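Here are a few exercises to work through with the model open beside you. Try each task before you read its solution.

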Amino acid sequence: MTADEATGTYVEARAELLGRTGAPDASRRRALAALTDDWLHALYVASGAGGIGAALVGVGGYGRGDLAPGSDLDLLLLHPPSASPGDVTAVADRLWYPVWDAGLKLDHAVRAPAEARRLAAQDIKVVLGLLDVRTVAGDDALTKALRESVLGDWRALAPRRLDELRLGVEERIARSGELAHLLEPDLKDSYGGLRDLVALRAIAASWVTDAPVASLAAHRDLLLDVRDALHLVTSRSSDRLLHQEQGPVAARLELAGEDPADALLRAVSGAGRAVAYAADTTWHRVERLTRRSGVRNGIAGAARRLRGTRPERAPLAEGVVVQDGEAVLAADARPERDPVLVLRAAAAAAQAGLRLAPHAVERLARDSAELPVPWPAPARDALVSLLGAGRPAVPVWEALDQSDIWSRLLPEWSAVRSAPQHNPVHRFTVDRHLVETAVQSAAHTRRVDRPDLLLVGALLHDIGKGRPGDHTDNGVALVEALAPRLGFPPEDCDVLVALVRHHLLLPETATRRDLDDPATVTAVAAAVGDQGTLDLLHALTEADAAATGPAAWSDWKKSLVDDLVARTRSALAGRPRPAEPRTTTAQHRLAEAVRATSADGVAVLLDEDAGAGGTTVTVAAPDRSGLLAAVAGVLSLHRLQVRGAQVDTVTAPDGSRRAVQVWTVAPAYGDPPPEDRLREDVTRALAGSLDVAARLDAREQAYPAPQGTAAPRVGIVPGASERATVLEVRAHDAPALLHRVTRAIAAADVMITAARVATLGSEVVDVFYLVDREGAPLSDARAATVSVTVLGALAGG
């Protein structure tokens with residue numbers, strides 16, 4: 001058969017294959033590749049290439065068999081070095097011209113093996129193509145020798161070449177965005193697309209670390225199917241899925257449902273997220289191995305050495321440890337018996353700025369026991385702590401989402417997962433927007449009384465999307481049922497519902513109503529009801545806008561919202577302020593503690609059945625400066641995390657003044673210490689024989705400082721008490737933080753007569769009632785000095 005005859009037959013057969021009805025799929029791609037192979041083999045024979053011992057080699061996508069209707073033909077004519085240049089040129093012309101005559105795009109090269117190897121060492125694009133070479137016709141020994149030499153070089157130079165590959169990926173992300181979150185994604189170049197699948201194959205070929213190539217096969221096939229349909233619909237080779245083409249592409253793929261185009265975007269987003277997550281975790285491992293081994297020592301050898309050693313495991317939380325820079329489950333962790341472990345592990349990882357190891361996620365997805373309903377307090381606290389971690393929460397959340405854990409914990413999540421927004425102002429899908437809003441809210445937790453409600457409200461504010469009907473009405477109905485399941489008390493459920501119902505109230509009113517009309521502010525004040533809800537909505541509005549994208553916020557809009565909030569705050573002014581702490585609980589606890597008082601007047605009681613998932617520690621002792629700091633320090637030494645505390649000074653039956661501290665704590669891991677051990681250490685700390693501060697300072701050096709959290713805030717609450725000066729401390733929780741704060745207060749030579757301590761997720765909201773040595777409220781100057789001292793202690797920690 002002549003070259004012209006073979007080409008004519010191929011063109012007809014190709015047109016018939018691509019013109020068949022039905023959705024494109026892998027079998028059609030294989031058929032197209034086989035048809036093209038037969039044609040090129042005929043051209044190879046007709047060209048006389050066999051006479052010079054050459055091989056016609058498929059490269060890149062064609063080498064892998066991923067031949068789309070609009071794909072270029074990536075071909076390499078590989079010839080032995082002994083072939084004469086004239087013969088090689090003549091053979092190449094007889095091969096390439098029929099391809100051009102057939103109307104196909106051709107990406108071609110003519111190389112001797114040594115030249116191809118040299119170019120692969122210089123150009124990352126060349127080496128990526130040659131990693132997937134396949135002999136179409138001719139001497140397969142040439143192809144095999146080239147593949148082996150290129151693979152050997154790739155593995156030997158992996159540290160440098162992987163850095164080069166990673167740089168290219170980052171440049172591509174900046175240029176083409178993330179496939180999962182774009183309304184018009186590029187199926188090949190957007191992050192999570194086809195090029196990242198090629199990059200994962202290259203990493204796997206380097207032997208540096210495993211890459212989950214096989215597990216992504218279904219996502220790869222979906223992206224290739226969509227690309228095939230796009231080429232067929234448009235008769236072009238573009239890989240960008242434009243809005244006007246999404247409907248016809250969905251129809252060509254025979255997608256069903258009320259909105260096939262929406263189903264198409266959701267499917268593409270889901271595939272892109274899976275690929276991007278796999279790429280993220282793989283690149284993380286590559287970076288860790290590179291950093292630990294040193295680039296010049298060779299990653300492969302270092303990986304083998306690391307596999308031969310037993311890495312140290314540092315405790316992170318109960319059932320969670322750090323190993324090789326990732327959070328993993330402890331050897332004795334039992335997720336099938338510990339339903340809160342999945343959330344505790346996620347929160348611990350995010351708070352430490354770590355990823356959850358893939359094998360830990362797999363085990364949690366497979367073995368985790370079902371959470372009781374309503375959720376216990378530790379589960380709810382762990383969720384809040386995860387969201388409050390800020391940016392590190394995103395990869396942890398995504399890890400659990402890829403294993404479908406969130407849809408099991410929060411069934412309402414399924415409808416928003418990978419749901420497109422259909423509004424170009426949004427830069428993320430609905431589910432990622434909700435997570436991003438929570439991340440942005442973490443920077444505003446100091447502004448509100450209830451940071452836990454802010455974070456959870458941010459996560460749920462658009463939960464009603466992805467369903468028919470108004471998303472706000474949907475969200476209100478969903479959260480009315482969801483909030484009680486999460487274990488929030490009725491009054492907190494009402495606030496969460498209000499946040500969902502009114503999450504658009506401030507920006508819409510500020511930009512669409514006359515703020516000088518008294519009715520405008522009256523309506524807003526009536527809707528929000530109280531100052532606390534107004535502050536939450538204000539913070540949520542800013543976080544929502546930041547998560548949406550730059551087009552959603554401006555200085556003008558901010559000024560209008562701020563003005564509306566200020567006017568509404570004035571309208572809400574004059575409501576009764578909260579009452580001062582009462583000592584009923586303290587008197588009751590003191591009566592219990594009297595029976596356990598030691599000879600030096602110190603009593604310590606421990607109740608492990610405190611309800612709400614915590615342990616109660618009651619301390620009663622003669623009132624003195626530094627008492628609260630000493631007890632807080634001892635609790636921290638025993639790794640007891642403070643979830644809440646009530647501190648009061650009361651009159652004992654003998655007429656003496658005694659401080660009563662009621663703590664709600666939870667062990668960071670393991671069991672709480674014995675009661676007598678706690679009593680002994682508190683007594684020693686008060687006597688000065690246990691240097692709590694020195695031991696805590698030494699331990700603190702081992703903890704990394706939290707990243708990306710809001711700065712601490714310390715201030716006086718004016719008019720909150722007639723008998724004391726009220727100091728409020730807002731900060732991100734950290735080991736021994738309460739000890740640092742109370743030690744600073746004691747160092748300022750003022751007395752704490754009462755305190756209310758609360759840890760909401762990872763956010764601390766502590767209030768202290770302070771008096772001077774004469775028992776009077778502090779002067780303004782002294783109060784300011786104490787504030788600066790406490791803030792300095794927080795900054796120094």
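**Exercise 1.** Decide whether His638 is buried or exposed, then find its surroundings.

*Solution.* Step 1: His638 counts as buried because its relative accessibility is 18%; buried means under 20% relative accessible area, exposed over 50%, and partly exposed in between, with a 1.4 Å probe and protein chains only. Step 2: place His638 in the loop between α29 (627-637) and β11 (640-651); helices (H or I, at least four residues) and strands (E, at least two) are DSSP runs, numbered from the N terminus. Step 3: leaving out residues up to four places away in sequence, His638 touches Pro673, Arg677, Leu678 and Asp681, where contact means heavy atoms within 4.5 Å.

This is a predicted model, in which local features need pLDDT of at least 70, side-chain atom pairs count only at pLDDT 80 or more, and totals for chains, interfaces and linings use all residues. Residues are numbered from 1 along each chain as its sequence is written, and side-chain values use heavy atoms, with hydrogens and water left out.

**Exercise 2.** Locate Ser235 and Asp749, and describe the phi of each residue.

*Solution.* Step 1: recall that most residues other than glycine have a negative phi. Step 2: Ser235, not a glycine, has a positive phi of about 55 degrees; this serine sits in the loop between α10 (217-234) and α11 (243-252) and counts as exposed at 68% relative accessibility. Step 3: Asp749 also has a positive phi, near 60 degrees. Asp749 belongs to the loop between α32 (737-747) and β15 (751-760), and is partly exposed with a relative accessible area of 33%.
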